[in-house]
Amino acid sequence: MVEFEGKLFNQIVAILIDHGATLSYISPKIVEQLKLQAVKFRNPGLVQLAIRANRRVLAKVNNCTLELAGQSI
């Protein structure tokens with residue numbers, strides 16, 4: 001796993017990149033702080049974080065642009 005600093009809607013955040021990951025995950029705390037619009041899943045899932053903790057994922061954020069090294073991704 002690799003950790004970078006980047007921006008999400010002009011807010012500096014820590015970005016963890018896991019080469020084995022199949023999806024992206026945003027901390028619910030960040031979603032709340034940035035007042036992002038979350039859409040609830042019909043069938044919530046379970047995500048295993050890099051720290052080996054499991055988190056239930058109840059919603060997703062659409063159109064979430066991340067800035068890393070000055071580039072939007």
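User: Which residue takes a positive phi in the hairpin of strand 3 and strand 4?
Analyst: That's R52, with a phi near 75°, in a hairpin that has five residues between its strands. Strands here are DSSP E runs of at least two residues, helices are H or I runs of at least four, and both are numbered from the N terminus. This is a predicted model, where local features need pLDDT of at least 70 and side-chain atom pairs pLDDT 80 or more, while totals for chains, interfaces and linings use all residues. Residues are numbered from 1 along each chain as its sequence is written, and side-chain values use heavy atoms, without hydrogens or water.

User: Cool. How many bridges join strand 3 to strand 4?
Analyst: Seven, between residues 38-48 and residues 54-61, and the two strands run antiparallel. Strands count as paired if DSSP finds at least two bridges between them. Within this pair, L46 sits opposite R56 of strand 4.

User: And the other hairpin, which residue in the turn has a positive phi there?
Analyst: F9 does, at about 55°, in the hairpin of strand 1 and strand 2, with two residues between them. Strand 1 (residues 2-8) and strand 2 are also antiparallel, joined by seven bridges. Examples are E5, which faces A14 in strand 2, and V2, whose bridge partner is I17.

User: Where does I17 lie, and is it buried or exposed?
Analyst: I17 belongs to strand 2, residues 11-17. Its relative accessibility is 36%, so I17 counts as partly exposed (under 20% is buried, over 50% exposed and in between partly exposed, with a 1.4 Å probe and protein chains only).

User: What order do the strands take in the open sheet?
Analyst: The order is 2-1-5-6, four strands with antiparallel pairing. Strand 2 and strand 6 (71-72) are the edges, each pairing on one side only. Further in, two bridges join strand 1 to the antiparallel strand 5, with L8 opposite L66 of strand 5.

User: Let's look at Q71. Which strand is it in, and how far is it from H19?
Analyst: Q71 lies in strand 6. It counts as exposed because its relative accessible area is 53%. From Q71 to H19 there are 52 residues in sequence and 20 Å in space, C-alpha to C-alpha.

User: Where is N62 found?
Analyst: In the loop between strand 4 and strand 5. N62 has 41% relative accessibility, so it is partly exposed. Its C-alpha is 7.8 Å from that of Q37, with the two residues 25 apart along the chain.

User: Switching to pockets: how much space lies in the largest pocket?
Analyst: About 1700 Å³. A pocket is an open set of points on a 1 Å grid over the protein atoms alone, where a 1.4 Å probe fits and protein lies on both sides within 12 Å along at least five of seven lines; lining residues have an atom within 4 Å of a point. Volume is the space filled by probe spheres on the points, which are joined across faces, edges and corners.

User: Which residues lie nearest its centre?
Analyst: L23, S24, Y25, I26 and S27, out of 41 residues that line the largest pocket. The elements giving two or more residues to that lining are strand 2, helix 1 (28-33), strand 3, strand 4 and strand 5 (66-68).

User: Which strand gives the most to that lining?
Analyst: Strand 4, with seven residues in the lining of the largest pocket.
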